[in-house]
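Thank you all for coming this morning. I would like to take you slowly through one protein chain, so please have the picture in view while I speak.

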Amino acid sequence: MGLLQKFDFKSSNYERPTLHWVCGNISTGKVCPIGPDGRGQCRASFECEPIKEGDRWSCTRSKSSDGKCKAGPRPDGSCCLPITKCVPVETVRGMRGRVVAWAVSLTIGLLIIATHGSGAVNLLSPGGLTLKHGEVGTKCETCHEAFESGLSGWIHEAFAPSDPAGTSKKCLSCHEMGAAPLQAHSLPRSALDQSALEMETLEKVKVAPVALEFARSLFGSPRKIAEELACTNCHKEHRGTQFDKTEMSDNRCQSCHTVRFASLSMGHPEFINYPYSRRTRVQFDHVSHISRHFEKAGKEKAPETCTNCHEPDDNGLKMKVKGFATTCSVCHLEQITGVGQVGQKGISFFSAPGLDVAELRAQGAAIGE
């Protein structure tokens, strides 16, 4: 070993074998003494740190780096020879450590699967199925095509690019979604193109949810219209028996839609030709309900997303309002049935004109005795 490296600290930069990173200038022979840190970041600054002896600064560069420089330190005590930053190189030990860590993790996982036998499936299951899907069957191969190909198929499915047609093949064997099942909203390309043209004429809102902006910075822009979507993009499973697979948050809708809005009362496009069919003469105001009535009702009664009150029609072209029992009854059923009302219950179709005394008092109006 003496022929390979002199271990005298005055004439050799000792390369410690436990380091996971080495200086990027090792090929040129100009390795800095301090070297990179444990995360592979270059720490080079100057070739030495001068020391003050009396009223003068002295160079402290080692003999292995050609000893003291002729120019010497600057008047302020800083070194006159800055070291150029490099890109540290990972050592064989560092790369070997990562390979060993992955190999150990994979081995432990395979041993757990092998020792649990048939129970390994339950061990890997992310959660319970919804009530309807639980009735179809509890075997994974019922819905997951990759499950039939065994362990190799699982690994390939986990790391291979997602194929919407393959992922949704089992879903479409039970669910009839029309001629374009894997297009957005199961609509044909022509309908999506027309909708996109109409949306481009709208002014995009400048204020969007922070979570949505953060997601777009990580995962990029929305998908193109021509791209197919897997069913699992919008409908999640293994969330328990009572989970509603049709539930969609506003942010999830906007992750694909290019026209974004902060809320229904701030930036949402106008509801063109809404409502599409007048079932009643009720004039529903989104702004007043969101800003006033829903706040009074509390979170337990207020809807959380658009889909709490709206659902697409059979063709998927228009959004319609759900029935009274689903939407309005939470707040208005007690008013109609007369809960807390003295006398006869229900709604008065014919009555003598009167004044809302309670409201007049609340507004401070003088109503006398």
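I will start with the whole chain, then turn to the cysteines, a surface patch and two loop residues.

Please keep in mind throughout that this is a predicted model, and that every value I mention has been computed from it. The secondary structure of the chain consists of twelve helices and six strands. Of the 369 residues in the chain, 18% are buried, and the chain exposes about 28,100 Å², with carbon and sulfur atoms supplying 58% of that area. If we take the contacts between residues at least 6 apart in sequence, we find that 52% of them join residues at least 24 apart.

Now to the cysteines, where a first question might be how many disulfides the structure holds. The count is zero. Cys-69 is in no disulfide, although the nearest cysteine sulfur, which belongs to Cys-59, is 3.9 Å away; a pair counts as a disulfide when the two sulfur atoms are within 2.5 Å. For Cys-80, the closest cysteine sulfur is that of Cys-69, at 4.1 Å, and this is too far for a bond. Cys-69 itself is buried, with a relative accessible area of 15%.

Let us move to the surface, where Phe-324, Leu-333, Ile-336, Ile-347, Phe-349 and Phe-350 make a nonpolar patch of about 710 Å². One of these residues, Leu-333, lies in helix 11, which covers residues 329–337, and with a relative accessibility of 40% Leu-333 counts as partly exposed.

Finally, I would like to look at two residues in loops, beginning with Gly-77, which sits between strand 3 (56–58) and strand 4 (89–90). Is Gly-77 buried or exposed? Its relative accessible area is 11%, so Gly-77 counts as buried. Leaving aside residues up to four places away in sequence, Gly-77 touches Pro-50 and Trp-57. Gly-77 and Trp-57 are 20 residues apart in sequence, and their C-alpha atoms are 5.9 Å apart in space.

The other loop residue is Thr-130, found between helix 2 (120–124) and helix 3 (131–136). Thr-130 is buried as well, with a relative accessible area of 5%. Which residues does Thr-130 touch, not counting those up to four places away in sequence? They are Glu-237, Gly-240, Thr-241, Phe-243 and Lys-245, and I suggest finding them in the picture while we take questions.

Methods. Residues numbered from 1 in each chain as written. Predicted model: local features only at pLDDT ≥ 70, side-chain atom pairs only at ≥ 80, totals over all residues. Heavy atoms only, no water. Helix = DSSP H or I, 4+ residues; strand = E, 2+ residues; numbered from the N terminus. Buried < 20%, exposed > 50% of the residue type's maximum accessible area, 1.4 Å probe, protein only. Contact = heavy atoms within 4.5 Å. Areas by Shrake-Rupley, 256 points an atom, 1.4 Å probe, with all protein chains shown as cover. Patch = residues over 30% accessible without salt bridge, like charges linked within 9 Å, V, L, I, M, F, W, Y side chains within 5 Å. Salt bridge = Lys/Arg side-chain N within 4 Å of Asp/Glu carboxyl O.
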